[in-house]
Amino acid sequence: MPAFGESPEGTIEILNIVPMQGPGGIVAPSCDAAISLAVDEINRGTGILGREIRTTNIDGGRPPHEVASEVSALLATGMVDAITGWHTSAVRRVVAKAADSRVPYLFATGHEGLPDELPGVLMLGEHPAGQTLPALHWLAREHGIRRWAIIGNDYIWPRESAKAIRNSLADPGDVVLERFVPLGAPDFGDFLSHPALDKADGVVILMVGADVSRFNRQFAATGRAADQLRISPAADENVLLAGGASANHNFYVASSFFIDEHSSDGRDRVDRYRKLHGEFAPALTSFSNMTYEAIHTLAGLAHAVGSLRVPDVLGAIDHGVLLDTPGGQRAFQGNQAIQHGYIARANGVRFDIVARIT
């Protein structure tokens, strides 16, 4: 029998978890295409540890326990070397338990920043203090936004992020309205018609994918967009496209993974993406760029450490290892990737980066 993490074909096998249904399913085609770009680039070189890499996509849009069960079954084969993906924290927490620190798990999504992650779970997306809170403070300085309404999906990331927002404000009473709704909620009328919403200068949207698009359309239809801005740490170009340009007025997003086509790296990456997939491929978005970066970060770890064994990886991170990735050098503080954060404003169905916030 092969040792754990060594397939008989001599490949590096990566499980990639991306929602293919539910509100997060809007990102799946873009993420799949971005991952295939990363795989192509790495395999055109020396692969990972001298071995070709292959990815198996897992549907992260199902109930978390179903995702974890499939991951457990695949890990039991002894032929899985790593887990990556863009999916909810609710899925991550049960998958991390199923993985039980046997392989590196690179989570490429914004998260709630709690200190209870199992060893081997590496966070590429930002926690509230690295993204959402600096964005709100920038909006307060630049636009005088003080009082907030919060709407989120009802699971750990939105609830913990909302708590972090309240705790960061000089007066927690500046959160004038807070509501949580199920994933896939079709209507936000109760929130949009609540009298307390009139007291808010802005709205923080802590929802996933298509839920953000749906909310933006309903919000814009009320006429509020002219006077109340919105900010989200969880929207990409697919969300803008699904909402339509008219729904995106006065809408801001915070991220470390915008594709900036004004930069040489951004232009080159988009050119490589279009050369591989053609002009009619799904958009290369900030979310799909996170999954692209996750695959390259895994390759960078393997190259720097000489191994994908979790104890070796964690030891190297503890000693301040620097990783080479297409986006530049990457380092970690604990299990959190260190990177710049930016705030962008929607311009129709595109983003204009307006400031660096961290």
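What phi does D100 take, just after α3? In this predicted model, D100 has a positive phi of about 55 degrees there. The residue sits in the loop between α3 and β4, and its phi is a positive value in a residue other than glycine. Most residues other than glycine have a negative phi. S101 is found in the loop between α3 and β4 too. Its phi is also positive, about 65 degrees, although S101 is not a glycine. As for solvent, S101 is partly exposed, with a relative accessible area of 23%.

Let's step back along the chain into the helix that leads to this loop. Helix α3 covers residues 89-99, and S89, V91, R92, V95, A96, A98 and A99 are buried in it. What do these buried residues pack against? Their neighbours are β1 (12-18), α2 (64-75), β3 (82-85), β4 (105-107), β5 (121-123) and α5 (156-168). So much for the helix by itself; now for the strands on either side of it in the chain. Together, β3, α3 and β4 make a right-handed β-α-β unit. The two strands, β3 and β4, run parallel and are joined by three bridges, and in this pairing G85 stands opposite F107 of β4.

β3 has a second parallel partner to look at: β1, with four bridges between them. Here L15 stands opposite I83 in β3. How are the faces of β3 placed, covered or open? Both are covered: A82 and T84 are buried on one side, and I83 and G85 are buried on the other.

Moving on from β1, you reach strand β2 (residues 53-59), which pairs with β1 in the parallel sense over seven bridges. One residue pair to click on is I14 and its bridge partner in β2, T55. Between these strands the chain passes through helix α1 (residues 28-44), and this β-α-β crossover from β1 to β2 is right-handed.

α1 also packs on a helix from much further along the numbering. Two packed helices are described by the angle between their axes and the distance between the axes. For α1 and helix α9 (residues 264-277), the angle is about 95 degrees and the axes are 10 Å apart. The two helices are therefore roughly perpendicular to each other. The contact is made by S30, A33, A34, S36, L37, D40 and E41 on the α1 side, and by R269, R272, Y273, L276 and H277 on the α9 side.

Now for another sheet. Seven strands form an open sheet with mixed pairing, in the order β7-β6-β8-β9-β10-β14-β15. Which strands stand at the edges? They are β7 (175-181) and β15 (350-356); each has a single partner strand, so one side of each is left without a neighbour in the sheet. On average, neighbouring strands of this sheet are turned by 25 degrees against each other, direction ignored. At the β15 edge, strand β14 (residues 342-347) pairs with β15 in the antiparallel sense over six bridges, and R345 stands opposite D352 of β15. Over at the β7 edge, α5 lies across β6 (148-153), β7 and β8 (202-206), and runs at about 170 degrees to β7. This is the α5 that the buried residues of α3 pack against.

Two single residues are worth a stop before you close the viewer. N216 is in helix α7 (residues 210-221), and with a relative accessible area of 0% it is buried. Leaving out residues up to four places away in sequence, N216 touches I205, R230, A247, N248 and F251. Its C-alpha atom is 9.3 Å from that of V239, a residue 23 places away along the chain.

The other stop is S307, in the loop between α10 (286-305) and α11 (310-318). Why does S307 count as buried? Because its relative accessibility is 12%, and buried means under 20%. The S307 side chain has a polar atom 2.9 Å from the backbone nitrogen of R309. It also makes a polar contact with the side chain of D312, again at 2.9 Å. Beyond residues up to four places away in sequence, S307 touches L49, L301, A302, D312 and V313.

Key: Residues numbered from 1 in each chain as written. Predicted model: local features only at pLDDT ≥ 70, side-chain atom pairs only at ≥ 80, totals over all residues. Heavy atoms only, no water. Buried < 20%, exposed > 50% of the residue type's maximum accessible area, 1.4 Å probe, protein only. Contact = heavy atoms within 4.5 Å. Pairing = 2+ DSSP bridges. Right-handed = clockwise from strand over helix to strand, strands pointing away. Polar contact = N/O pair within 3.5 Å; in protein donor to acceptor, adjacent residues only side chain to side chain. Axes fitted to C-alpha atoms, helices over the stretch in contact; angles between N-to-C directions. Parallel < 35°, antiparallel > 145°, perpendicular 65-115°, else oblique.
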